[in-house]
Amino acid sequence: MVFPSHCSRALAIDRRARRFTALMLLSALVAGTHANAAEPPLSYAEAVRLAVTRSPQLEAQRAMADAAREMVGPAGELPDPKLKLGLENVPTSGADAWTLTRDFMTMQKIGLMQEFPREDKRRLRSQRAENEAQRNVAVGEVAQFAIQREAATAWLSRRYAVDAQNVIAELIAEAQLSIASIASAYRAGRAPQTELIAAQAMQVELRNRATEAATQSRRASIALARYISADADRPPGDAPDISRLPFDVARTSDPDLAPEVRLAQAQETMAATEAELARAARQPDWSAELSYAVRGSAYSNMVSLMVSIDLPWSPGTRQDREYAAKLRDLDAARAMREDAKRMRTAEVGSMLAEWESAREQAQRTRSEMLPLAVQRREAALAAYRGGTGALSAVLDARRFELDTRLTLISQEQATAKAWAWLRFAYPVTEKS
């Protein structure tokens, strides 16, 4: 079969493009194999695990929880006794001035005093320390889920940025071959200059998009390095299955499972304990002091026992007001817990809708729009080969296919971000 010169030129360009693309892909595969041998890919699961194990924030929260637990025992014990030493009734004038043994009232005194707070107060103080420990655990849980979510989002951003780079790099390789072939044809007088300019303009556009994708990949790597340090520069592994949630969606209907709500509950428990302590403050404590007094040899020594009792002199202006203030703090904590439940319910519902929408759009783009873009490019190329179509139509079709493929990557990334948010919204057991 004999082709016209315009069609033969197009066929030659297409054959060269396919050969060059195959060589580029083979070189990339070989280079990737060597890179993987030296530096294994960073998987999604490993990135999340490293973010947790290397987090100074989580380490600080664990230390704070341990410190609070250490105070549970001491808070419920009696205070340490006090040793009291002193001199009493030392004369300052007369013949016995500043002597310690001549006056019968002068005593050298040693004593031991012990305070006895009420048992319910000691119990509540111990409970307060335990509540503080539980609150720090809840804060750590919220921080851990936030760190996992952010690390997962950064890893996914880099994964899809790399996918975009690969798509653009493939088209750049084709564009470079097209420019070389069209430039040769232009010099031989077989192609107009407008085709060469159009091909060169598309190459510039592709390079700009490649730069943008590289910047996005670098930003994601920097964000990931915030949590896992140098390992963020490792090439990302395969993306997880984002087409289905790794847990039962019905679990998300219970906002009490959310870490933020559990933290609000811990705050409420602390406020309730503080209110009980304020109420217990209206009951007086007491203390006892036993002392031994030494006098001059001419006088007998003495033993004393003193008991002290607190007197809530004006509870209406002191203890009752403090108790009323703590009750209002408790009301505030309850309201904040309810607000946290409503906020989490709204956030989960919104993110579920976003995940479902992005997933459906990605499926539609993959199964319907992308095949149409491929058909358009093939039809434009066939017309160009047959001498009935213009190169501009081929370039437009390739640009449309690129936009479609990048749109698909963007939709998959949006699906993945919503998926990661939902994955770390509740402490649920993943499906097998």
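**Close-up views of a predicted model**

**View 1. Trp155 and Tyr44 meet across the chain.** Trp155 has a relative accessible area of 1%, so it is buried. This is a predicted model. Tyr44 is also buried, at 12% relative accessibility. The cut-off for burial is under 20%. Tyr44 and Trp155 share one aromatic cluster with Trp419. How many aromatic pairs does the protein have? The count is four. Why is the pair of Tyr44 and Trp155 edge-to-face? The two ring planes stand at 70 degrees, and an angle over 60 counts as edge-to-face. The ring centres of Tyr44 and Trp155 are 5.8 Å apart. Tyr44 belongs to helix H2 (residues 44-53) and Trp155 to helix H5 (residues 119-187). In sequence, they lie 111 residues apart.

**View 2. Phe104 and Tyr299 make a tilted aromatic pair.** Their centres are 6.4 Å apart, with 55 degrees between the planes. Both partners sit in loops. Phe104 lies between strand S1 (82-88) and strand S2 (107-116). Tyr299 lies between strand S3 (286-294) and strand S4 (302-309). The pair links distant parts of the chain, 195 residues apart. Are these rings buried or partly exposed? Phe104 is partly exposed, at 47% relative accessible area. Tyr299 is partly exposed too, at 29%.

**View 3. Two arginines sit over aromatic rings.** Arg359 lies over the face of Trp355. The distance to the Trp355 ring centre is 4.2 Å. Arg376 places its charged end over the ring of Phe400. Here the distance to the ring centre is 4.9 Å.

**View 4. Helix H2 turns a set of buried residues to its neighbours.** Which residues of H2 are buried? They are Tyr44, Ala47, Val48, Leu50, Ala51 and Val52. An α-helix has 3.6 residues a turn, so residues three or four places apart point the same way. The buried residues of H2 pack against helix H3 (56-70), H5, H6 and H9. Ile228 contacts several residues of this region. Beyond its neighbours within four places in sequence, Ile228 touches Leu42, Ala47, Leu50, Ala51 and Arg54.

**View 5. The largest nonpolar core holds 65 residues.** Which members touch the most others? They are Leu224, Ile228 and Leu422. Six helices give two or more residues each to this core: H2, H5, helix H6 (193-228), helix H7 (259-280), helix H8 (319-385) and helix H9 (391-423). H5 supplies the largest share, 18 residues.

**View 6. The whole protein sets the frame for the close-ups.** The protein has nine helices and four strands. Along the sequence they follow the pattern α-α-α-α-β-β-α-α-α-β-β-α-α. Why does the protein count as more spread out than a compact globule? The radius of gyration is 39 Å, whereas the globule rule gives 22 Å for 432 residues. Taken along the principal axes, the C-alpha atoms fill a box of roughly 140 × 45 × 40 Å. Of the 432 residues, 39% count as buried. Among contacts with a separation of 6 or more, 82% come from residues 24 or more positions apart. The accessible surface is about 24100 Å². Carbon and sulfur atoms account for 55% of this surface.

Conventions. Residues numbered from 1 in each chain as written. Predicted model: local features only at pLDDT ≥ 70, side-chain atom pairs only at ≥ 80, totals over all residues. Heavy atoms only, no water. Phe/Tyr/Trp six-rings, centres within 6.5 Å; stacked < 30°, edge-to-face > 60°. Buried < 20%, exposed > 50% of the residue type's maximum accessible area, 1.4 Å probe, protein only. Lys NZ or Arg CZ within 6 Å of the ring centre and 35° of its normal. Rg over C-alpha atoms; globule rule 2.2 N^0.38 Å. Contact = heavy atoms within 4.5 Å. Areas by Shrake-Rupley, 256 points an atom, 1.4 Å probe, with all protein chains shown as cover. Core = buried A, V, L, I, M, F, W, Y, C linked by side-chain atoms within 4.5 Å.
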